[in-house]
Amino acid sequence: MKPYLRLFDFSQEINYKNEILAGLTVAMTMMPESLSFAILAGFPPLMGLYAAFIMGLVTSIFGGRPGLISGGAGATVIVLIALMKSHGLEYVFAAVALAGAIQILVGLFKLGKFVRLVPQPVMYGFVNGLAVIIFMAQLEQFKTVVNGHEAWLSGTPLLIMAGLVALTIGIVILLPRLTKAVPPSLVAIIVVFALVFGLGIHTKTVRDIAAVSGGFPPFHIPAIPFSIDTLKIIFPHALIMAGVGLTEGLLTLNLVDEITATRGNSNRECIAQGGANILNGFFSGMGGCPMIAQTLVNLSAGSRVRLSGIIASLTILLIILFGAPVIEKLPMVALTGVMIMVAIGTFEWISFRIINKMPKQDIFVGILVALITIWLHNLALAVLIGVIISALVFAWESAKRIRARKYIDVTGVKHYEIYGPLFFGSVMAFNEKFDIADDPDEVVIDFKDSRVADMSGIEALNKLTEKYRSADKKLLLKHLSEDCRVLLKNAEDIIHVNILEDPSYHVATEK
């Protein structure tokens, strides 16, 4: 059977106990985050649970590797906050479905490797910005409405709120030191829920935010105009959501590869993510991507096959169908505490430890991406600007690396040995290396340690060739790659290329 049709490897020994327990644990850890992220974005809470079920089930069955857990992740949800505020829920569903289509195309055309082109400073920036947004959003729970205006809590209500949040955080921090058999966030929510319910403490619940009417995810075509204007609105958000989801997914996939000493299929994972997000768009889910924390929980519980992910998603569906009345009574204060810990865990604290070891331009890019993410709540714009600035910085640094070693041999021929890439950024520095007026009648430019990278470089060679010709001097260009030789104009009679030593350039691909 072909590899892409072999969904399950029945020759592999399965520890059913570990898989079932791992699946149940993953479901319990995923639910609080999915609910909280949905509320954070202004979505109905049930959208988060639908996303956890759909993403988890589809990617567990069809994904690029066993053990990887997907759900309604904060990184992708944050991308949609600006769209939600400006155009509403229907546009969000359309953007999620379009993001899924983009991810499928990335997988079909085997472009998953290019997601790695997102620079690490941009990754640090948007993750840190995401963490700050999550944390700042929790402060809204410390507000109330007085005479139609928002005001900060004070007095006894503030002390109760702060105390319960502190209790939640304390349980999440301290419980893993005692036992790792149960998810600390789940225990924290249960303890706080029992305390609030048992003592009759008046506090905001999920029901106060929105109703959670449990049922199977309903099929729903987004109610939006099908026009170019609509595409212009949703495409930027869909594109960045797809990119962020694939980046998170492939980073998580690589992590699982290292832990399990096996190899996953990144392009298959792209297709599975895309299919799951398309279903999210048409079945009222908020979309998502692989979740590093839940994946690590799954692996640490002993899971190594696809069964645990399926168990987790089906568990969430059962809770949606039969546990809605309980979910509605969950105190928001417990979810607030859990999300504060999620924010702390999301923040890349290592970025502070290595900041004095990073180039200044990388520090600038990381801080800029974080600030744009925090200020505008627009991860799409932040990532795009970060990638563009990183590319420009790289071009500038590469432009400074072009050098020329000059010497005259015993026959009186002057040689220019070029080092570094010749492209649009380095053309000016390249032209400054030559002294056409004082050069001898014959000149050789050796590109053995260089590469003509674009049309700007080729045009520079054309013009240089014509300048030497106008000065009645002979110019020889050596070790040019074949594509450059084909494109060079008006120099056929004076260009000398050593075919045997001619370099060939290929883009690395996955097999």
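Start by selecting Y416 and F434: both residues are buried. As you look around, keep in mind that this is a predicted model.

**Stop 1: an aromatic cluster**

Show the side chains of Y416 and F434 as sticks. Their rings make an aromatic pair of the tilted kind, with 4.5 Å from centre to centre and 45° between the planes. The pair joins distant parts of the chain, 18 residues apart: Y416 belongs to strand β6 (residues 414-422), while F434 lies in the loop between α18 (427-431) and β7 (442-452). Now add F430 and F447 to your selection, and you have one aromatic cluster made of Y416, F430, F434 and F447.

How many aromatic pairs does the structure hold? There are eleven. For another of them, go to W349 and F352, a tilted pair with 6.2 Å centre to centre and 45° between the planes. W349 has a relative accessibility of 44%, so this residue counts as partly exposed.

While you have rings on display, pick W152 as well. The charged end of K143 sits over the ring of W152, at 4.9 Å from the ring's centre.

**Stop 2: the whole chain**

Zoom out and switch to a cartoon view. You are looking at 20 helices and eight strands. The chain has 511 residues, and 49% of them count as buried. Of the contacts in the chain with a separation of 6 or more, 80% are between residues 24 or more positions apart.

**Stop 3: the nonpolar cores**

Next, select F43, L49, F126, M286 and I316. These are the residues with the most contacts inside the largest nonpolar core, which has 97 residues. Helix α1 (residues 16-41) contributes the most to this core, giving eleven residues.

Centre the view on I316. Leaving aside residues up to four places away in sequence, I316 touches A27, M30, M31, L49, A52 and F53. Apart from the largest core lies another one, of 20 residues; to find it, select I402, V452, L464 and L475, which are among its members.

**Stop 4: helix α3**

Select residues 74-87, which make up helix α3. At 1.5 Å a residue, its 14 residues should span 20 Å, and the end C-alpha atoms are indeed 20 Å apart, so the two values agree. Follow the helix to L80, where α3 bends by about 35°.

Is α3 largely enclosed or largely open? Ten of its 14 residues are buried, so the helix is largely enclosed by the rest of the structure. To see them, colour G74, A75, T76, V77, I78, V79, L80, I81, L83 and M84. Just after α3 comes G88, with a positive phi near 100°.

**Stop 5: helix α14**

Now move to residues 332-346, helix α14. With 15 residues at 1.5 Å each, α14 should span 21 Å; the end C-alpha atoms are 20 Å apart, which agrees. This helix is mostly covered, as twelve of its 15 residues are buried. The buried ones are M332, V333, A334, L335, T336, G337, V338, M339, I340, M341, V342 and A343.

Which helices do these buried residues pack against? Turn on α1, α5 (120-138), α6 (155-178), α7 (184-199) and α8 (206-209), and you will have the partners in view.

**Stop 6: G288, a glycine in a loop**

Select G288, in the loop between α10 (266-282) and β4 (289-290). Its relative accessibility is 0%, so G288 counts as buried. Add A52 and draw a distance between the C-alpha atoms: G288 and A52 are 7.8 Å apart in space, yet 236 residues apart in sequence. Setting aside residues up to four places away in sequence, G288 touches M55, G71, G72, A73, T76, M241, Q273 and N277.

**Stop 7: two loop residues with positive phi**

Finish with K110 and D472. K110 sits in the loop between α4 (89-108) and α5. Its phi is positive, about 55°, although K110 is not a glycine.

D472 is located in the loop between α19 (455-470) and β8 (474-478). This residue, also other than glycine, has a positive phi near 60°. Is D472 buried or exposed? Its relative accessible area is 68%, so D472 is exposed.

Terms used: Residues are numbered from 1 along each chain as its sequence is written. This is a predicted model: local features need pLDDT of at least 70, side-chain atom pairs count only at pLDDT 80 or more; totals for chains, interfaces and linings use all residues. Side-chain values use heavy atoms; hydrogens and water are left out. Helices (H or I, at least four residues) and strands (E, at least two) are DSSP runs, numbered from the N terminus. The expected span of a helix is 1.5 Å times one less than its number of residues. The bend at a residue is the angle between axes fitted to the seven residues ending there and the seven starting there. Buried means under 20% relative accessible area, exposed over 50%, partly exposed in between (1.4 Å probe, protein chains only). Rings of Phe, Tyr and Trp (its six-membered ring) pair if their centres lie within 6.5 Å; planes under 30 degrees apart count as stacked, over 60 as edge-to-face and the rest as tilted. A charge sits over a ring if NZ of Lys or CZ of Arg is within 6 Å of the ring centre and within 35 degrees of the ring normal. A nonpolar core is a set of buried Ala, Val, Leu, Ile, Met, Phe, Trp, Tyr and Cys residues joined through side-chain atoms within 4.5 Å. Contact means heavy atoms within 4.5 Å.
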